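This report goes through a few local features of one protein model. Please look at the sequence and the structure below before reading on.

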Amino acid sequence: MSPFPLHKKEGKEMQEKLQALKVQALAELEAVQTPQELEEFRVRYMGKKGSLTELLRGMGSLPAEERPKMGQLVNELRQLLDGALTERAGALQKSLQEQKLKEEKLDVTMPGKTKPIGGLHPLNVVLNDVIDIFQSMGFDVVDGPEVETDHYNFEALNVPQDHPARDMQDTFYLAENLLLRTQTSAAQIRTMEQRKPPIRIICPGRVFRADEVDATHSPVFHQIEGLVVDKGVTMCDLKGVLEQFAHEIYGPDTKVKFRPSFFPFTEPSVEVDVSCSECGGKGCRVCKDSGWIEILGAGMVHPRVLSGCGIDPEEYSGFAFGIGLDRLTTTRYKISDIRLLFENDLRFLEQFDK
Ligand code: PHE
């Protein structure tokens, strides 16, 4: 028996298989809808274990003279499928993009969404102004602890134990000699212990007193202490600095009144009022019909306080002041209740720092 017909038969079988594979592959490719299905198709036919690769392997059983012809046919089919695959991939991408464009609408005229960002608390808005004013006059800003010793808050400020002046400030004690500072004046002593004259500082901060809470009182409030010590400092310098401050905060037409007062650590002592910025001095709700608003206490540093800090009162003199930041803020913004400053209600806070 001549081997040829047998070969022919096998060759023909393979050719038919090839033809069937082509028809099936092209039909499947047509049905592919997603990039993932396309990849699965590629693996199924052209991958390492794909149908076409298997067909190529099967060529080993063909007689040698049949192989080149069959090889050529398989390669032709591979090229055909390669081309069809690329074409299908392009078409698929295009239709996906068209679908996306149809579904996603972008309205460029729509207003953007704004995210709320934090703003400064009104106390900080005013404090920043105060700091600017004093810095422009050559003052440094210093910080001091809120938990103080009896020494810094009272003793060194010429308020010994059992002194009646202690009753002026109802104190939160943490331990026998430890307390929440009732005044930023404690910073005067700390500064004079650390620096040599000339001294020009302000110290803003929180202070604490066991007061009943109402529209004008809070157990936590804020002061800005000021201290100047140098040779030849007089009451005139005190007046000049505080008048300048009042005019910058409340406007150049503001009148400033110095009333005699008493503080154990200053001599002489004054309290300073400014004409009411709301009514111009005629009397209104803000100034409780007096025409004046008290904003700070001040005075010439008591010689005993200077010498207690190792500064010779014969050689140096100084003045100090303590500004009430809460009062400054409520009068500037016409805030009727100090409690609003501490409740952190966003509807209130959002009105400032604009
Ligand atoms: N510490 C005083 C108070 O709290 C204010 C003050 C400060 C007075 C500095 C004079 C000098 O009332």
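With which residue does Arg-206 form a salt bridge? The partner is Glu-146, and the closest N and O atoms of the two are 3.8 Å apart. The model is a predicted one.

**Salt bridges**

Side chains of opposite charge can pair when their charged atoms come close. In the whole structure, a search finds 13 salt bridges. The bridge between Arg-206 and Glu-146 links distant parts of the chain: Arg-206 is in strand 5, Glu-146 is in the loop between strand 1 and strand 2, and 60 residues separate them. Arg-206 has a relative accessible area of 40% and is partly exposed. Glu-146, at 31%, also counts as partly exposed.

Three of the salt bridges are listed here.

| Pair | Closest N to O distance |
|---|---|
| Arg-206 and Glu-146 | 3.8 Å |
| Glu-278 and Lys-334 | 3.2 Å |
| Asp-337 and Arg-339 | 2.9 Å |

Glu-278 lies in the loop between strand 8 and strand 9, and Lys-334 in the loop between helix 10 and helix 11, so their bridge ties together parts that are 56 residues apart in sequence. Glu-278 is partly exposed, with a relative accessible area of 39%.

In the pair of Asp-337 and Arg-339, is Asp-337 buried or exposed? Asp-337 counts as buried, because its relative accessibility is 18% and the cut-off for buried is under 20%. Its partner Arg-339 has a relative accessible area of 32% and is partly exposed. Elsewhere, salt bridges with shared partners join Arg-259, Glu-271, Asp-273 and Glu-294 into one network.

**A pocket**

Arg-206 appears again in the second largest pocket, which has a volume of about 310 Å³. This pocket is lined by 19 residues, and those nearest its centre are Leu-123, Asn-124, Gly-205, Arg-206 and His-222. Two or more lining residues come from each of helix 5, strand 5, strand 6 and helix 11. Strand 6 gives the largest share, four residues. Sorted by class, the lining holds eight nonpolar, seven polar and four charged residues.

**Aromatic rings**

The count of aromatic pairs comes to nine. Why is the pair of Phe-134 and Phe-321 called stacked? Their ring centres are 5.2 Å apart and their planes meet at 20 degrees, and planes under 30 degrees apart count as stacked. Phe-134 is in helix 5 and Phe-321 in strand 10, 187 residues apart, and the pair links these distant parts of the chain. Both residues are buried. They also belong to one aromatic cluster, formed by Phe-134, Phe-139, Phe-245, Phe-319 and Phe-321.

A ring can also meet a charge: the charged end of Arg-190 sits over the ring of Tyr-152, 4.0 Å from the ring centre.

**Backbone details**

Pro-197 and Pro-198 are joined by a cis peptide bond with omega of about 5 degrees. Pro-198 lies in the loop between helix 7 and strand 5. Another cis bond runs from Glu-267 to Pro-268, with omega near -5 degrees, and Pro-268 is in strand 8.

Asn-158 has a positive phi of about 70 degrees although it is not a glycine. Asn-158 is placed in the loop between helix 6 and strand 3 and is buried, with a relative accessible area of 14%. Lys-288 has a positive phi near 50 degrees. Lys-288 lies in the loop between strand 8 and strand 9, and its relative accessible area of 65% makes it exposed.

How values were computed: Residues are numbered from 1 along each chain as its sequence is written. This is a predicted model: local features need pLDDT of at least 70, side-chain atom pairs count only at pLDDT 80 or more; totals for chains, interfaces and linings use all residues. Side-chain values use heavy atoms; hydrogens and water are left out. On a 1 Å grid over the protein atoms alone, a cavity is a set of points where a 1.4 Å probe fits but cannot get out, and a pocket is an open set with protein on both sides within 12 Å along at least five of seven lines; lining residues have an atom within 4 Å of a point. Grid points are joined across faces, edges and corners, and a volume is the space filled by probe spheres set on the points. Ala, Val, Leu, Ile, Met, Phe, Trp, Tyr, Cys and Pro count as nonpolar, Asp, Glu, Lys and Arg as charged, and the others, Gly among them, as polar. Rings of Phe, Tyr and Trp (its six-membered ring) pair if their centres lie within 6.5 Å; planes under 30 degrees apart count as stacked, over 60 as edge-to-face and the rest as tilted. Buried means under 20% relative accessible area, exposed over 50%, partly exposed in between (1.4 Å probe, protein chains only). A charge sits over a ring if NZ of Lys or CZ of Arg is within 6 Å of the ring centre and within 35 degrees of the ring normal. A salt bridge is a side-chain nitrogen of Lys or Arg within 4 Å of a carboxyl oxygen of Asp or Glu.
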